[in-house]
Amino acid sequence: MRNINLKNTYIQLPDKFFTRQIPETVPRPELVILNENLADFLGMEPEFLKSTEGVEILAGNQVPEGSYPISQAYAGHQFGHFTMLGDGRAVLLGEARGRDGQFYDIQLKGSGKTPFSRGGDGKAALGPMLREYIISEGMYGLKIPTTRSLSVCRTGESIIREEVLPGAVLVRAARSHIRVGTFEYAAAFLGESDVKKLADYTIKRHYPEVIESGHPYLEFLKAVVRNQAETVAKWLLVGFIHGVMNTDNMSVSGETIDYGPCAFMDVYDPETVFSSIDREGRYSYRKQPEIALWNLNRLAETLLPLLAEKERASLNLAQETVSEFWKDFQEVWMQGMRGKLGLFQPKEGDRGLIEQLLFLMKVYHADYTNTFLELTLEKEESSFFQNREVKAWKGLWEERVKQQNHSKEEIRKRMQENNPVIIPRNYLVEDALERAWRNGEIEHLKELVKALQNPFDYANISSKYTKTPENNKCYKTFCGT
Ligand code: AMP
Ligand code: MG
């Protein structure tokens, strides 16, 4: 078939890692939204994807030539408990080459039952798939490693959840869909030699630079730790809460994956949880780094037989490597925070200055994004900045900023590059979704996505996107199932 050129390297792995899986056909596929820039980046012609033939592919009714469609096997720790999982509603069509020379998985989500469906219907509803589209593109705009969304199609089916909902298929692009849970699956259900095959495949695909290092598996673990620390630090810097950091939802490439109950925090409170099922706050905003570390320990356990001959030595190496997480995390977080405050070089006292601001934001219920935005715009109009302690903090910060050998312009530019004017706030996302899937008005959603793709555009700040909502605390999100 024209214009989609896929190969599938994952099938080089032993066949216990996947099953061949043709997507279920759907009655009336209809394109709702297409990411034309991404299509172009992936070497696919947008005009073709919009054609009847293209939409048939995006909705799963036809499989493009060269594709060997599969569902991937994986396991995972969900809220701390180990379970066999796998693609219960996803089909990997294959890999497309991006303009950067890298290969990207092209995966259908919501494409019907597979052997891993465990009683689920294998389907997805339009609202949650559009939600993944909006937020993943928002994350991409914020320069955070993430899977991306190529398209959402209606299927013409109704699916049954708490209410009857329109069915949909999302097509997403990812550096790969290899998860910590994929390694856990290999270690628990296959064997050492299969873990090694998976590790070799993953290294070749994501971390080829470690092959010649002399200790490829250890260096691989180190690289995953570093990437994960960086991604989670970047989440914290923009107020993102993933919501369901199970090991099956953690990609070894370091990309943010699986946009289920995720949401952005408005008012700064480190204990924030939005997910309706996270009753204990396991995946709260504040806990995300330690949970990432917990997940990385699960990955390290699967690699133990590959790290050294003796068990004790393997264990020591693994522990040493995984504990690098905090250093990596702190480095990215501090660097990001300095950027947000217009600081260039590290200086003693910076941490205190940053922590004091966060403390005051928590005490006075300040809006996280807008506090930094106001500082950047030098327009401290919100009530937060009227507090005596906040004024005192601002004095200290201004002192620190002035001591630098940089012009006002340079400092402003640095702050603008680090403080978004728009994030996918819950009320914006909900409003766009309601209009799109209930009323069939997609234009509003497209406009929001466009704004989210340029979150550092200080020349076009629209007040309709920057309001702090009331009642943020009551917002609840649900898993996409
Ligand atoms: P998630 O919470 O989206 O990460 O999904 C956890 C597991 O449930 C994965 O194995 C999914 O493939 C599976 N799953 C989620 N929704 C469905 C569904 N509607 N039908 C079948 N399996 C599903
Ligand atoms: Mg998942």
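This section describes three regions of a predicted model: helix α15, helix α9, and the contact between helices α8 and α10.

Helix α15 comprises 14 residues, 426–439. At 1.5 Å a residue, a helix of this length should span 20 Å, and the end C-alpha atoms of α15 lie 19 Å apart, which agrees. Its buried residues are N426, L428, V429, A432, L433, A436 and W437. Viewed down the axis of α15, these residues fall within an arc of 160° and therefore line one face of the helix. They pack against the helices α4 (126–141) and α16 (443–452), and against the strands β9 (148–160), β10 (164–174) and β12 (263–264). Just after α15, G440 adopts a positive phi of about 70°.

Helix α9 (residues 311–322) has twelve residues, for which a span of 16 Å is expected at 1.5 Å a residue; the distance between its end C-alpha atoms, 16 Å, agrees. Within α9, S314, A318, T321 and V322 are buried. Their directions from the axis of α9 fall within an arc of 90°, so the buried residues line one face of the helix. The face turned away from this buried side carries the exposed residues R312 and E320. The cover over the buried residues of α9 includes α7 (216–238), α8 and α10.

Helices α8 (residues 288–307) and α10 (residues 325–340) themselves pack at an angle of about 145°, with their axes 11 Å apart, and α8 passes α10 in a right-handed crossing. To this contact α8 contributes P289, E290, A292, L293 and L296, while α10 contributes F325, W326 and F329. By class, seven of the contact residues are nonpolar, none is polar and one is charged.

Notes:
Residues numbered from 1 in each chain as written. Chains lettered and ligands numbered in written order. Predicted model: local features only at pLDDT ≥ 70, side-chain atom pairs only at ≥ 80, totals over all residues. Heavy atoms only, no water. Helix = DSSP H or I, 4+ residues; strand = E, 2+ residues; numbered from the N terminus. Expected span 1.5 Å × (residues − 1). Buried < 20%, exposed > 50% of the residue type's maximum accessible area, 1.4 Å probe, protein only. Arc of directions from axis to C-beta. Contact = heavy atoms within 4.5 Å. Axes fitted to C-alpha atoms, helices over the stretch in contact; angles between N-to-C directions. Left-handed = near helix turned anticlockwise from the far one by under 90°. Nonpolar A, V, L, I, M, F, W, Y, C, P; charged D, E, K, R; others polar.
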